[in-house]
Amino acid sequence: MTFPMRGALPAALALFITWAAPSDQDRALLTANDPPPNGVWIDALDLTNAPIRRPRAGRGQTTPPPPLTFALGGTPYPHALPLLANTDLAIDLHGQATRFLADVGVDDERKDGQATVIFGVWVDGKKVADSSLMRSGEPPKRIAVDLTGARRLTLAVSDAGDGPRDDSADFGGAVIVMAPGAQRPSIAAPVAETKPAIAPSRTARPRINSPRVTGATPGRPFLFRIPASGDGPLTFTAKGLPAGLMLDPRTGIMTGSLKQASRTVVEVTAKGPAGSATGEITIVGGDDALALTPPLGWNSWNVWGGTVSDEKVRAAADALVKSGLAAQGYTYVNIDDAWEGPRTADGEITTNEKFPNMKALADYVHAQGLKIGIYSSPGPRTCQQRYAGSYQHEAQDAHSYATWGFDYLKYDWCSYTEIEPDRNNPAGLKKPYLVMRDILKTLDRDIVFSLCQYGWGNVWEWGNEVGGHLWRMTGDITDTWPSMAGIGFAQTGREKFAGPGGWNDTDMLVVGKVGWGRELRDSRLTANEQLTHISLWSLQAAPLLIGADLSQIDAFTVDLLGNSEVLAVNQDPLGRPAGRVSGDGWFEVWARPLADGTTAVGLFNRSPEAAPVVARWSDLKLTGAQPVRDLWQQKDLGTSSDQLTATVPRHGVVFVRIGRPRQ
Ligand code: GAL
């Protein structure tokens with residue numbers, strides 16, 4: 001069987017490649033203990049820092065774990081490159097190699113038929129082989145590439161759209177054959193990336209940003225800070241404010257309480273030394289009119305982990321304002337786990353020594369026009385184990401949160417497993433959320449309800465039904481490409497579950513300085529990967545909760561998080577999240593319709609090398625000449641009539657808005 005090719009090969013490249021039918025001779029070579037003449041096993045190169053599967057010690061085991069063994073389709077391979085999904089390995093060939101050979105597939109250690117991967121091979125920046133989707137249990141496919149004259153070989157594995165966990169991909173027997181007497185190949189240094197140019201978040205002229213719609217229950221406290229940027233001091237006016245609300249002209253903060261169910265379009269104006277801007281904000285009064293667009297804000301976990309404190313939360317609120325991100329719509333300042341103290345004799349939850357006065361903290365955050373969030377578990381303990389969860393104290397806890405002044409609750413399953421051990425019982429999975437939802441309804445405050453229940457069942461199918469305003473789709477994110485891309489690109493098909501009032505939560509952002517309570521570090525995502533992260537989350541209408549130390553935020557991260565045109569996609573009032581319109585595991589196009597009739601489109605390149613990505617009008621349901629605007633650069637790109645082709649950097653994105661806005 002010849003190895004399947006996708007698309008035509010450029011003529012110059014055809015010289016490099018031979019598509020050999022898997023010969024018995026090659027098979028014997030790939031499953032041998034010793035390399036062929038002039039052959040170098042890739043596992044004989046220095047793989048110390050390579051992204052490969054490594055032996056894992058079992059629980060409580062003290063002796064070193066045995067080395068990995070490899071088998072594909074029942075055949076053992078003494079040598080293999082067990083590359084992790086969503087990673088790649090580049091090898092310097094020094095122009096002296098002749099051939100690369102491997103059998104690729106999911107290792108036989110995956111017996112369940114669930115793992116899916118795609119293998120790809122690049123030579124000098126061009127893709128020369130693609131396995132297309134492979135599942136566990138399938139026989140391996142043979143890759144044979146002529147390397148004559150080639151300098152750089154890059155091997156990559158894609159998770160095929162379902163996340164990288166346990167994918168067990170093997171390049172079995174991966175071998176490079178060199179010319180006689182040639183210099184040995186070596187692991188190549190990563191190619192330096194060009195930092196993408198993005199528009200500044202700050203502009204001198206005033207601008208009304210997003211969100212443009214907000215809601216509250218009549219009779220309950222209302223708080224909304226007009227998201228307006230521009231050189232200050234700004235002064236604010238509003239026309240047509242609904243009864244019960246007032247506006248502070250110096251801060252742009254609206255307070256009060258709505259009198260009745262209503263939908264009011266308010267015209268707001270921000271005036272400053274560099275001009276003035278006017279825009280419309282829709283204020284909805286109604287039962288559960290919360291999270292009409294995805295929450296924007298900050299959460300303590302990815303930066304402070306268990307070391308979160310009153311002081312750090314105040315600093316985050318201050319920095320949201322000072323950095324200009326509050327002016328771009330970031331509103332929630334959310335305390336995650338590790339604020340809890342012991343319960344009193346009558347069961348009231350207290351705070352630990354890091355939080356001397358929750359009410360004062362909430363007042364401090366509210367005074368800046370921001371909202372504040374808290375965290376608990378429906379189980380007896382939170383995920384940090386040593387803190388009390390809300391089990392059997394749900395009403396007491398909810399009342400404490402309301403008394404303190406909280407606006408948002410993240411409710412994290414964790415130890416509720418002790419109460420409901422059956423992961424296949426949907427009623428049991430929903431139960432603790434229904435309990436809390438019914439209590440939240442009775443409070444005198446609006447509280448956004450964030451469900452954190454992943455890995456068991458499909459929370460997105462019932463998150464709305466149990467009163468959630470957002471629900472976690474995944475396990476914890478970390479600041480690596482395999483993690484972030486694994487989560488983001490696995491959301492295909494789930495867009496239909498989210499919309500105004502209930503959002504798919506793909507976890508907190510991993511840009512800026514992160515650390516989970518340990519030493520802080522700059523996110524390990526490259527700049528292009530960070531653009532992919534924010535573009536994908538914006539297209540998918542995911543909550544944008546920053547997980548960084550905002551007091552040390554740098555100019556690039558402010559521009560990344562504070563791009564008004566990107567945020568306008570995330571916060572689009574139509575609330576229709578993007579789905580994937582085309583993709584092959586390396587190149588993906590995601591698109592969402594926007595309220596003004598235009599379409600937001602992301603052209604993503606998950607492959608290890610820069611490449612052209614095409615968005616076809618036929619896939620986007622567009623026809624005719626359409627204007628295209630680059631959102632990161634905030635620049636018009638001209639008009640296209642049947643497709644858009646863009647060269648996209650490794651792991652990067654071109655994020656555009658296509659079409660003429662309806663008047
Ligand atoms: C995890 C959750 C994280 C964080 C952590 C706190 O279960 O996914 O986002 O909240 O618990 O202990």
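A residue counts as buried when its relative accessible area is under 20%, as exposed when that area is over 50%, and as partly exposed in between. With that scale in hand, welcome to this structure, which is a predicted model.

**The chain as a whole**

Let us begin with the overall picture. The protein chain has 13 helices and 42 strands. Its C-alpha trace spans about 85 × 60 × 40 Å along the principal axes. What radius of gyration would a compact globule with 663 residues have? The value would be near 26 Å, and the 27 Å of the protein chain agrees with that. Buried residues account for 57% of the 663 residues in the chain.

**The disulfide and a free cysteine**

A search of the whole structure turns up one disulfide. The two partners are Cys383 and Cys414, with 1.5 Å from S to S. The link between Cys383 and Cys414 is right-handed, with 95° about the S-S bond. Where do the two cysteines sit? Cys383 belongs to the loop between strand 27 (371-376) and helix 6 (394-404), while Cys414 belongs to the loop between strand 28 (408-412) and helix 7 (426-441). The pair therefore ties together parts that are 31 residues apart in sequence.

Are these cysteines buried, exposed or partly exposed? Cys383 has a relative accessibility of 24%, so Cys383 counts as partly exposed. Cys414, with a relative accessible area of 26%, is partly exposed too. Another cysteine, Cys452, takes part in no disulfide, and the nearest cysteine sulfur, that of Cys383, is 6.6 Å away. Cys452 has a relative accessible area of 2%, so Cys452 is buried.

**Around the ligand**

Next comes the ligand. Of the 14 residues around the ligand, those that come nearest are Asp336, Lys410, Asp412, Arg472 and Asp476. The shell of residues is made up of seven nonpolar, one polar and six charged.

Three of these side chains have a polar atom paired with an oxygen atom of the ligand, and the table gives the distances.

| Residue | Distance from a side-chain N or O (polar) atom to an oxygen atom of the ligand |
|---|---|
| Lys410 | 2.8 Å |
| Arg472 | 2.8 Å |
| Asp476 | 2.5 Å |

How much of the ligand's accessible area does the protein cover? On its own the ligand has 310 Å² of accessible area, and the protein covers 96% of that.

**Backbone details to look for**

Some places along the backbone are good stops on a tour. Two of them are cis peptide bonds. The bond from Ser210 to Pro211 is cis, with omega near 0°. Pro211 is in the loop between strand 14 (207-208) and strand 15 (213-216). Gly232 and Pro233 are also joined by a cis peptide bond, with omega about -5°. Pro233 lies in the loop between strand 17 (228-229) and strand 18 (235-239).

Other stops concern the angle phi. Gln392 is not a glycine, yet its phi is positive, at about 65°. Gln392 is found in the loop between strand 27 and helix 6, and Cys383 of the disulfide is in that loop as well. Is Gln392 buried or exposed? Gln392 has a relative accessible area of 60%, so it is exposed.

His651, again not a glycine, has a positive phi of about 60°. The loop between strand 41 (643-648) and strand 42 (653-658) holds His651. In contrast to Gln392, which is exposed, His651 is buried, with a relative accessible area of 3%.

**Contacts across the sequence**

Finally, here are two places where residues with distant numbers meet. Asp88 is part of strand 5 (residues 87-92). Its relative accessibility is 16%, so Asp88 counts as buried. Which side chain makes a polar contact with the side chain of Asp88? The partner is Arg650, at 3.1 Å.

Leu296 is part of strand 23 (residues 296-299). With a relative accessibility of 3%, Leu296 counts as buried. The C-alpha atoms of Leu296 and Gln571 are separated by 8.8 Å, and the two residues are 275 residues apart along the chain.

Note on methods
Residues numbered from 1 in each chain as written. Predicted model: local features only at pLDDT ≥ 70, side-chain atom pairs only at ≥ 80, totals over all residues. Heavy atoms only, no water. Disulfide = S-S within 2.5 Å. Helix = DSSP H or I, 4+ residues; strand = E, 2+ residues; numbered from the N terminus. Buried < 20%, exposed > 50% of the residue type's maximum accessible area, 1.4 Å probe, protein only. Near = heavy atom within 4 Å. Polar contact = N/O pair within 3.5 Å; in protein donor to acceptor, adjacent residues only side chain to side chain. Areas by Shrake-Rupley, 256 points an atom, 1.4 Å probe, with all protein chains shown as cover. Nonpolar A, V, L, I, M, F, W, Y, C, P; charged D, E, K, R; others polar. Rg over C-alpha atoms; globule rule 2.2 N^0.38 Å.
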